[in-house]
Amino acid sequence: MSPRRLVSAFLLLSLLPALRAQQEMVRRHRPMPAAGPYLVLKADLHMHTVFSDGQVWPITRVMEAWREDLDVIAITDHDDYRPNEKDVSMDLSRPYEIARPVAEGLGIVIIPGVEITKGDIHFNALFVRDHNAFRGKELISALTEAKKQGAFTFWNHPGWKGRAEWWPVIATACSDRLFQGIELLNGPVYYEEARPWIGQYGLTVMGNSDIHNASLPEDPRTVNLVLARERSVEGVREALHAGRTMAWDGARRLIGRREWLELLARSYLQAPGEVRFTPGFWYNGLPLGNRSALSFELRPVDAPAWMEVLPTVVPPRTTTVLQIRLRPDAPKQPSRVTLRLELSNTTVAETGAPLVLPFEFTLNP
Ligand SMILES: [Zn+2]
Ligand SMILES: [Zn+2]
C-alpha cells in the first residue's frame, strides 16, 4: 500500500468511532409539555443490568434512556436473584454508582433502587440508602427495611405468575404501609385485576419497562408519567408519594387517576372556541391540536341529534380535524355545541372505563 493510501485508510478508520458516536447519541424527542403547575416527567423506574439478570452494563441503560428521551430512571437489580455472581460484583450499589455520573452529565435524574425479589412476589424499593440490606431477608422484613430507609415501594407485575390476588402477605404489607404503589403496566402487559386496588387502598399507579435486554429505540417503552413540581430526585419522590402518576405504554394505552388524566388531556388537546363551516366542503370539523407525544383516540358519546361526528385518532404533535357532518335539520344560525368525547385509549384507574371529556364551541354554519 502506498504511503498516501495508508494515510487515507488511517484517517477513515480514525473517523469510525465518531460516526458510531453520532448514531448512538441521537435522541428521539417525545415532548410532554407541562400540565397545569406540573412538569410531566417520563420515568422508567424498573430496569435490570448485568448486576442481576439483565444483558447490559449500567452506562448502556443511561444511554438508552437519553436516546429515548427519558427524564428519570432507576436501575433496580434483584436482591436475591444473581445469575451472574461468578462474573460480576454483587454489590448492588455498583450499578447506581456507575450510572450516576453519566446520567447526571446527560441531565437525567437517577434514583437509587432495588428489586426486592422473594419467590414470585417482587417489589421495587426506590430512594434506598443501603442497596445491600435486603438480601436473604423474607418479604415482610425486607419491606420493613425499605420503609426504615425511607423508600417509596411498589408491587411489581402483580399477576405475572397467574391472576393477582390480594394475598394475605400483600394485605399485611399494605396495612403496615410497607408499600405505596402497584405496577399496573409492566412492559406491554396490563394487570387489570390489580386496577381496583389503586382506588381501594389509595395506591400510586406505576408503569415501567422491566427491561432486561438492550432497548431498541423503535420499540415502545412503558414509562410512568410523573407530575412533578421540580425536575429532581426530591421532585419525583414528592410526586410518587402524592400519587401524581400515569402509566403509559409508550404507544397508545394510558392509565391513571381521573384527575391526572383530565389535566393531561386538557393541557395537551386544544380546541378552538369557534368552528366555522365552509358550505360544500367535505372536511369540516373541530381541529384538535395535540402538543404531546401521546396519541388520543376519540369516539363521540354525546352530540346534538343534527350532527354526525366521526371517530378520530389525534396522533402525536399534530392538529387533526375531528370530522363533523351536519344533517339537513341543523340550525342555520351560530349555535353553542357541547360534544362529549371518549378518549378510548385511556383507562381511569378508579373505574376501569375510558375518560370522557366535554368539548364546547360555537358552531358557525
Ligand atoms: Zn420482577
Ligand atoms: Zn424486574
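Here is a walk through this structure, from its two domains down to a few helices and a sheet. Keep in mind that the model is predicted.

Let's start with the overall layout. The chain splits into domain 1, covering 23–256, and domain 2, covering 269–364. Their centres, taken over C-alpha atoms, sit 36 Å apart. Where the two meet, 14 residues of domain 1 are in contact with twelve residues of domain 2. On the domain 1 side, the elements that give two or more residues to this contact are helix 6 (195–201) and strand 11 (254–256). Sort that side by class and you get seven nonpolar, five charged and two polar residues.

Now for some helices, beginning with helix 2, which runs over residues 58–67. Its buried residues are Pro58, Arg61, Val62, Glu64, Ala65 and Trp66, so charged side chains turn up in that list next to nonpolar ones. Strand 1 (39–44), strand 2 (72–75) and helix 3 (94–105) are among the elements that cover these buried residues. Just past the end of helix 2 comes Asp69, with a positive phi of about 65 degrees.

Helix 4, residues 139–148, is a good one to look at down its axis. Leu139, Ala142, Leu143 and Ala146 are its buried residues. Viewed that way, they fall within an arc of 95 degrees, so they line one face of helix 4. The spacing fits a general rule: an α-helix has 3.6 residues a turn, so residues three or four places apart point the same way. What do the buried residues of helix 4 pack against? The partners are strand 3 (109–118), strand 4 (121–126), strand 5 (152–155) and helix 5 (168–175). Turn to the face pointing away from the buried side and you'll find Ser141 and Lys148, both exposed. After helix 4 comes Gly150, whose phi is positive, near 80 degrees.

Finally, have a look at an open sheet of four strands, in the order 12-14-18-16 and with antiparallel pairing. Strand 12 (269–270) and strand 16 (307–309) stand at the edges with a single partner strand each, so one side of each has no neighbour in the sheet. Further in, strand 14 (residues 285–290) and strand 18 (residues 318–326) pair in the antiparallel sense over six bridges. To trace the register on screen, take Gly289: its bridge partner in strand 18 is Thr319.

Terms used
Residues numbered from 1 in each chain as written. Chains lettered and ligands numbered in written order. Predicted model: local features only at pLDDT ≥ 70, side-chain atom pairs only at ≥ 80, totals over all residues. Domains from an automatic or database assignment. Contact = placed C-beta atoms within 7 Å. Buried ≥ 20, exposed ≤ 12 C-beta atoms within 10 Å, placed from the backbone. Arc of directions from axis to C-beta. Pairing = 2+ DSSP bridges.
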